[in-house]
Amino acid sequence: MRGAGTRTAKGRLDGKVAFVTGAAGGLGRSHIRRLAEEGADLVIVDICRPIDTVPYPLSTPAELTEAVSEAEALGRRVVARQSDVRDREALQAAFDTGLAEFGHIDVVVANAGIAPMLVQDRAEAWQDVIDVNLTGTFNTVEVAIPSMVAAGQGGSIVIISSTAGLAGIGGASNGGLGYAASKHGVVGLMRSYANNLAHDGIRVNSVHPTGVATRMIADPAILEFVAQDPSLSHEAPNALDVDTIEPVDVSNAVLWLASDEARYVTGVTLPVDAGFINRK
């Protein structure tokens with residue numbers, strides 16, 4: 001899916017191309033909107049189908065089409081594919097299609113993730129969340145590295161983690177433990193990549209949101225999971241007087257890390273958490 005419109009005024013990412021996973025809904029949809037507003041053309045992917053252990057609705061093909069239309073309405077070109085980050089070969093094919101279209105990809109946002117928080121716990125939730133959140137992030141970065149290094153123009157890789165990547169939260173279920181482990185794991189990836197790619201001028205950072213007002217956090221199954229675990233529900237989560245933040249709050253952090261305004265920022269775990277971590 002591709003299109004072109006009329007360019008708006010020069011933005012902070014004008015002339016850049018961003019590769020974004022999990023792009024059709026929730027945080028991903030917000031990220032691509034914000035990046036497009038600031039001038040980036042886009043290569044976007046989303047699984048667009050359910051995963052058995054995930055209790056809330058994942059994105060649909062129709063939502064991926066809507067995301068393309070939104071970016072095109074802002075004057076951006078878009079390459080979009082349905083792709084599962086667990087499938088390295090398919091993800092590489094999607095990335096390469098975008099690379100062939102635009103000639104370069106400068107920004108990577110490893111956003112795809114799941115939270116299989118189930119009241120009726122399932123052992124397979126552990127493997128699903130590790131495969132998507134940790135291995136999927138690894139796959140996302142790996143498919144992008146060769147062309148970014150070969151281009152010799154540096155770049156920015158932003159990994160979406162969580163406050164659960166900085167604190168031992170999420171409960172004692174298979175899905176909750178897997179979620180915390182995966183979100184901690186991507187911090188290790190980020191720090192290693194930041195060192196490994198510094199010589200090539202490629203910056204790597206992670207963003208750590210508190211609860212974000214998306215359909216996941218408002219889903220009855222997730223609310224039931226949180227309510228039955230006193231460690232998750234016994235007090236207001238954040239230092240600031242908000243229960244959740246908005247998707248754009250996270251996307252603004254992604255934008256900053258992707259832009260030249262953060263040209264010397266690498267290896268950083270950036271909380272966007274209304275003071276959640278500071279209370280721990």
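# Exercises on a predicted model

The second largest pocket takes up about 240 Å³. Keep in mind that this is a predicted model, then work through the exercises below.

## Exercise 1: The second largest pocket

Find out how many residues line the second largest pocket, and how they split by class.

**Solution.**
- Step 1: Start with the lining, which is made up of 14 residues.
- Step 2: Look towards the centre, where G154, G155, G201, R203 and D260 lie nearest.
- Step 3: Sort the lining by class, and you get 3 nonpolar, 6 polar and 5 charged residues.

## Exercise 2: Following β4

Work out which strands pair with β4, and where its side chains point.

**Solution.**
- Step 1: Locate β4 at residues 107-110.
- Step 2: Recall a general rule: in a regular strand, side chains alternate between the two faces of the sheet.
- Step 3: Now check β4 itself. V107 and V109 point one way, V108 and A110 point the other way, and all of them are buried.
- Step 4: Look for one partner in β1 (residues 17-21), which pairs with β4 in the parallel sense over 3 bridges. Here A18 stands opposite V107.
- Step 5: Turn to β5 (residues 155-160), which runs parallel to β4 and is joined to it by 4 bridges. In this pairing V108 sits opposite I157.
- Step 6: Trace the chain from β4 to β5. It passes through helix α4 (residues 124-151), and this β-α-β crossover is right-handed.

## Exercise 3: Is β5 enclosed or open?

Decide how far β5 is enclosed by the rest of the structure, and say why.

**Solution.**
- Step 1: Count the buried residues. With 6 of the 6 residues of β5 buried, the strand is largely enclosed by the rest of the structure.
- Step 2: Check each face in turn. G155, I157 and I159 cover one side, S156, V158 and I160 the other, and all are buried.
- Step 3: Move on to β6, which runs parallel to β5 and is joined to it by 6 bridges. One of the pairs to look at is I160 with its bridge partner V207 in β6.
- Step 4: Follow the chain across. It goes from β5 through helix α5 (residues 174-197) to β6, again as a right-handed β-α-β crossover.

## Exercise 4: The surroundings of I202

Describe where I202 lies and which residues it touches.

**Solution.**
- Step 1: Place I202 in strand β6, which spans residues 202-209.
- Step 2: Ask whether I202 is buried or exposed. Buried means under 20% relative accessible area. I202 has 2%, so it is buried.
- Step 3: List the contacts beyond four places in sequence: M148, V149, G154, G155, I157, L197 and T266.
- Step 4: Pick out G155 from that list. I202 and G155 are 47 residues apart in sequence, yet their C-alpha atoms are 4.6 Å apart in space.
- Step 5: Link this back to Exercise 1, since G155 is also among the residues nearest the centre of the second largest pocket.

## Exercise 5: Two residues in helices

Say which helices hold R29 and G136, and whether each residue is buried or exposed.

**Solution.**
- Step 1: Find R29 in helix α1 (residues 26-37). Its relative accessibility is 12%, so R29 counts as buried.
- Step 2: Collect the contacts of R29, leaving out residues up to four places away in sequence. They are A23, A24, E63, E66, A67 and E70.
- Step 3: Find G136 in helix α4. Its relative accessibility is 2%, so G136 counts as buried too.
- Step 4: Collect the contacts of G136 under the rule of leaving out residues up to four places away. They are V85 and D131.

## Exercise 6: Positive phi values in loops

Find where C48 and A274 sit and what their phi values are.

**Solution.**
- Step 1: Go to the loop between β2 (41-46) and α2 (61-73), where you'll find C48. Its phi is near 55°, a positive value in a residue other than glycine.
- Step 2: Check burial. At 7% relative accessibility, C48 is counted as buried.
- Step 3: Go to the loop between β7 (269-272) and α10 (276-279) for A274. Its phi is near 55°, again positive in a residue other than glycine.
- Step 4: Check burial once more. A274 has a relative accessible area of 11%, so it is buried.

Key. Residues numbered from 1 in each chain as written. Predicted model: local features only at pLDDT ≥ 70, side-chain atom pairs only at ≥ 80, totals over all residues. Heavy atoms only, no water. 1 Å grid on protein atoms, 1.4 Å probe; cavity = no way out; pocket = protein on both sides within 12 Å on 5 of 7 lines; lining within 4 Å. Points joined across faces, edges and corners; volume = space filled by probe spheres on them. Nonpolar A, V, L, I, M, F, W, Y, C, P; charged D, E, K, R; others polar. Helix = DSSP H or I, 4+ residues; strand = E, 2+ residues; numbered from the N terminus. Buried < 20%, exposed > 50% of the residue type's maximum accessible area, 1.4 Å probe, protein only. Contact = heavy atoms within 4.5 Å. Pairing = 2+ DSSP bridges. Right-handed = clockwise from strand over helix to strand, strands pointing away.
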